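Biologist: I am new to this one and would love a friendly tour. Could we look at it together, one question at a time?

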Amino acid sequence: MRGMDNPRPVILEIDHVSKRFGALVANDDISLSLARGEVLALLGENGAGKTTLMNILFGHYTADAGSVRVAGRPLPPGNTRAALEAGLGMVHQHFTLADNLSVLDNVTLGTEPLLSWRSRRQAARRRLQDLADEFGLAVHPERLVGELSVGERQRVEILKALYRGARILILDEPTAVLTPQESEHLFATLRAMVARGLSVVFISHKMHEILAVSDRVAVLRRGRKVGEVATADTDRHALAEMMVGRAVTRPEVSHLEPGAPVLELAGVHVPGRDGAMALADVSLTVHEREIVGVAGVAGNGQLTLARLLCGLARPASGTVRWRGAAVTRWSPRHFVELGIARIPEDRHATGVFPEMSVWENLLSEDLRRAPFWRGGRVIDGAACRRHARDLMDRFDIRCDGMDVPARLLSGGNMQKLILARVLSRRPRLILANQPVRGLDEGAIAFVHSQLLEAKAGGSAVLLLSEDLDELLALADRVVVMARGHMSEALPADAVSARDLGLMMGGDLGHRPAAEAAS
């Protein structure tokens, strides 16, 4: 990989680009360049302007000032087709797939003349399968996208960009659904493609990925480019400080003596629904004052497990016990009343009510209890707003007032809103499903500190994550899910990311080297 002085020709130039949304300056006089056969990593906090800049590049937005050139030619502003024809491919952070079409239809949509569609379908299927095999991105071409998990949809997005033969590939968090071995394979393939002239803009919050795969790193903060450095000349601590404007440290993890069992699953089977993998003979115990991590490639039963623990799915067989007593009532409201709190996988779709205000979202699970429900009939608006203001201050939720719609919050602030709602109830069990997906270093440190504080206060935490570094850093014990089955729980300090990767690939009986030697 090369440093700052790259002799290769420039393939992409972003020149003094600015973009406003009303009073908000999303991009402020940003200039970047990308050489042929180079990987440029783009870092920045949530709301720093990364996505806006990429949307300008791809033609979704039109810049207020500045220009973009590809291979020396001006790129027409606000023209996605021109961007595609110029050789740009983009994997968006929020998916741009049609739920009612198959994987194959989504990948090939717009690439073939309508009159020749059927005659070329078999060739398209073969090409898609070849790409899927090459990158280790398993998909079923004929499955409807609407039946896929979040992780499986991201695989389709990656394949869609690769299928179009992009020479400039923009990747936004491309490895969130891959095992370590699959990520290594993807990086190796990217390097081979880069060696043949592919250029990549790589957006990731995983510092080790950026340091492993990029040539240069550009850092955005509050809409401006605040730094650019050769990857070989920096480290994760310097990048994190540049990104947030201050030193960032992850919270210290203490392994506590676990308390009584809070949740016990014994031989639980749950049928799959809406394309989700079924649970098969799953057994697990989670105690007070411990974090149990759940690893696994997306689509291997985690969604069904989450639905079960939210009261949205009922087991067909097996036993679910809550604090020693068998659970017999199944509804989301009952599970909230038991003391189970959830941080959902998709904060935009299921974590908030997007059109409701910030204060309404903060109180959405508390409105029918004192002091917010006055006389059993009337919502006490003043009490609600006082409580919401207190939570906004405690959790540092930054927005233009508590009356703004939740959809206007950045990803980090939306996650803080969910945490405030969840943790203010002092739950006995926290179901944290991908709690830091898409967050910057500062927001990640905050979320982790809140989960650890809840654990120290007596809560049990079930942490579902595809980030193995996160699991190994936070969890006391780790289980792995593969094809609806769950491994036995292993001490987190006795397993490696490689061990977990092998188990995620289906070898649930794999024993870590340290355990096998004992």
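Biologist: Is Phe21 buried, partly exposed or exposed?
Modeller: Keep in mind that this is a predicted model. Phe21 is found in strand S1, which covers residues 10–21. Its relative accessible area is 37%, and the middle class lies between 20% and 50%, so Phe21 is partly exposed.

Biologist: How much accessible area does the nonpolar patch with Phe21, Leu24 and Tyr61 have together?
Modeller: Residues in such a patch need over 30% relative accessible area, and Phe21 has 37%. Phe21, Leu24 and Tyr61 form this nonpolar patch on the surface, and their accessible area together is about 280 Å².

Biologist: Let us turn to charges. How many salt bridges does a search of the whole structure find?
Modeller: Side chains of opposite charge can pair when their charged atoms come close. The cut-off used here is a nitrogen to oxygen distance within 4 Å. Searching the whole structure with it gives 20 salt bridges.

Biologist: Which residue does Glu142 meet in a salt bridge?
Modeller: Glu142 sits in the loop between helix H4 (117–135) and helix H5 (150–163), and its partner is in helix H4, 17 residues apart. Glu142 is partly exposed at 36% relative accessible area, and the partner also counts as partly exposed, at 22%. The N to O distance is 2.4 Å, and the partner is Arg125.

Biologist: Within helix H5, Lys160 and Glu157 both appear. What is the relative accessibility of Glu157?
Modeller: The two residues are 3 apart, about one turn of the helix. They form a salt bridge, with the closest N and O atoms 3.3 Å apart. Lys160 is buried, with a relative accessible area of 13%. Buried means under 20%, so Glu157 also counts as buried, at 0%.

Biologist: Which strands hold Arg216 and Glu228?
Modeller: Arg216 and Glu228 form a salt bridge, their closest N and O atoms being 2.2 Å apart. The pair ties together parts that are 12 residues apart in sequence, because Arg216 lies in strand S9 (residues 216–221) and Glu228 in strand S10 (residues 224–230).

Biologist: Which of these two, Arg216 or Glu228, is buried?
Modeller: Glu228 has a relative accessible area of 28% and is partly exposed. The other partner has 5% relative accessibility, and buried means under 20%. The buried one is therefore Arg216.

Biologist: Which residues are linked with Arg216 in a network of salt bridges?
Modeller: Arg216 pairs with Glu228, and this pair belongs to a wider network. The residues linked with Arg216 there are Glu38, Lys225 and Glu228.

Methods. Residues numbered from 1 in each chain as written. Predicted model: local features only at pLDDT ≥ 70, side-chain atom pairs only at ≥ 80, totals over all residues. Heavy atoms only, no water. Salt bridge = Lys/Arg side-chain N within 4 Å of Asp/Glu carboxyl O. Helix = DSSP H or I, 4+ residues; strand = E, 2+ residues; numbered from the N terminus. Buried < 20%, exposed > 50% of the residue type's maximum accessible area, 1.4 Å probe, protein only. Patch = residues over 30% accessible without salt bridge, like charges linked within 9 Å, V, L, I, M, F, W, Y side chains within 5 Å. Areas by Shrake-Rupley, 256 points an atom, 1.4 Å probe, with all protein chains shown as cover.
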